[in-house]
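Let's take a walk through this one together, from a pair of strands out to the open spaces. Have the structure ready to turn as you read.

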Amino acid sequence: MIKTLAIDDEPLALQQLAAYIKRIPFLELVAECHSANEAKRILEEEMIDCIFCDINMPDLDGMSFVKSLSAPPAVVFTTAYSEYAVEGYKVDAVDYLLKPYSFDEFRHAAEKVQRILSPTSKADDNASSPIATGLTGRAPEGTQSLFVKSDGRIIKIIIKDISYIEGMSEYLKIHLLSQQRPIVTLLSMKKLEERLPDNFMRIHRSFIINLDEIKEVNKNRVILDENTYLPIGDLYKEAFVDYVNSRFLGK
């Protein structure tokens, strides 16, 4: 199931959006949000795979809201103003729904989200093969690359190109330094964690980071770049603090 937020400041539009989400079998409606700030609070507490978000909202508009997220989920914008379409795609939106939109138009957008987040949604006849499990082959000691299955393709990933890995239910987003769009694959955090070298560390139930890419540690957050602030989970804090202390210079 794709965990989903509906975000719209107009009650009737939010009601319709929520109703459409509930009609899609692979979408799970986690919450109906009347503002971007309300949605932001939920995103800080729970892993969300996708948001359907209005653009024109008071206080914080949908476009600025998505730009403010360090690791945004898949986004489908909804609005009554067509001039926002180009701007929507600049922030890597999956789709753009112009109000009033039909259920068929909504379903088409939802299926685009599913293809991106669940590229292997259909059962693989050879499910027991290494390729079907998402990660191919055993990674020998000192390996510099791995192969994962994404969107029906087998993709080579250079390990040092990985910035961080984000868990989304049974899927992973592998964020790379060399490209903006992450690679999405059907794989568990544990399985990938076992294949990564020592310069990778799990800092949260939903995040594994490349320790070489840390720019700053600020309270309970790791800063990888100006747009990426990742939380440090309580279960992983001790190990991470030990790592930092082992390399700390000064009093």
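Start at Ile165, whose bridge partner in strand 13 is Ile208. Keep in mind that this is a predicted model. Strand 9 (residues 162-168) and strand 13 (residues 207-210) run antiparallel to each other, paired over 3 bridges.

Now zoom out to the sheet around them. It's an open, antiparallel sheet of 5 strands, in the order 11-10-9-13-12. Strand 11 (183-186) and strand 12 (200-204) each have a single partner strand, so one side of each is left without a neighbour in the sheet. Go from strand to neighbouring strand and you'll find an average turn of 20°, direction ignored. Lying across strand 12 and strand 13 is helix 7 (residues 234-246), which runs at about 135° to strand 12.

What about the empty space? The largest pocket holds about 1000 Å³. It is lined by 41 residues, and the closest to its centre are Asp92, His175, Gln180, Arg181 and Pro182. Our sheet shows up here too: strand 9, strand 10 (171-176) and strand 11 are among the elements that give two or more residues to this lining. Helix 5 gives the largest share, 4 residues. By type, the lining splits into 21 nonpolar, 8 polar and 12 charged residues.

The second largest pocket has about 640 Å³ of space. Leu43, Glu44, Ser70, Tyr229 and Pro231 are the closest to its centre, out of 24 lining residues. Here helix 2 supplies the largest share of the lining, 4 residues, and the lining divides into 11 nonpolar, 4 polar and 9 charged residues.

Conventions. Residues numbered from 1 in each chain as written. Predicted model: local features only at pLDDT ≥ 70, side-chain atom pairs only at ≥ 80, totals over all residues. Heavy atoms only, no water. Pairing = 2+ DSSP bridges. Axes fitted to C-alpha atoms, helices over the stretch in contact; angles between N-to-C directions. Contact = heavy atoms within 4.5 Å. 1 Å grid on protein atoms, 1.4 Å probe; cavity = no way out; pocket = protein on both sides within 12 Å on 5 of 7 lines; lining within 4 Å. Points joined across faces, edges and corners; volume = space filled by probe spheres on them. Nonpolar A, V, L, I, M, F, W, Y, C, P; charged D, E, K, R; others polar.
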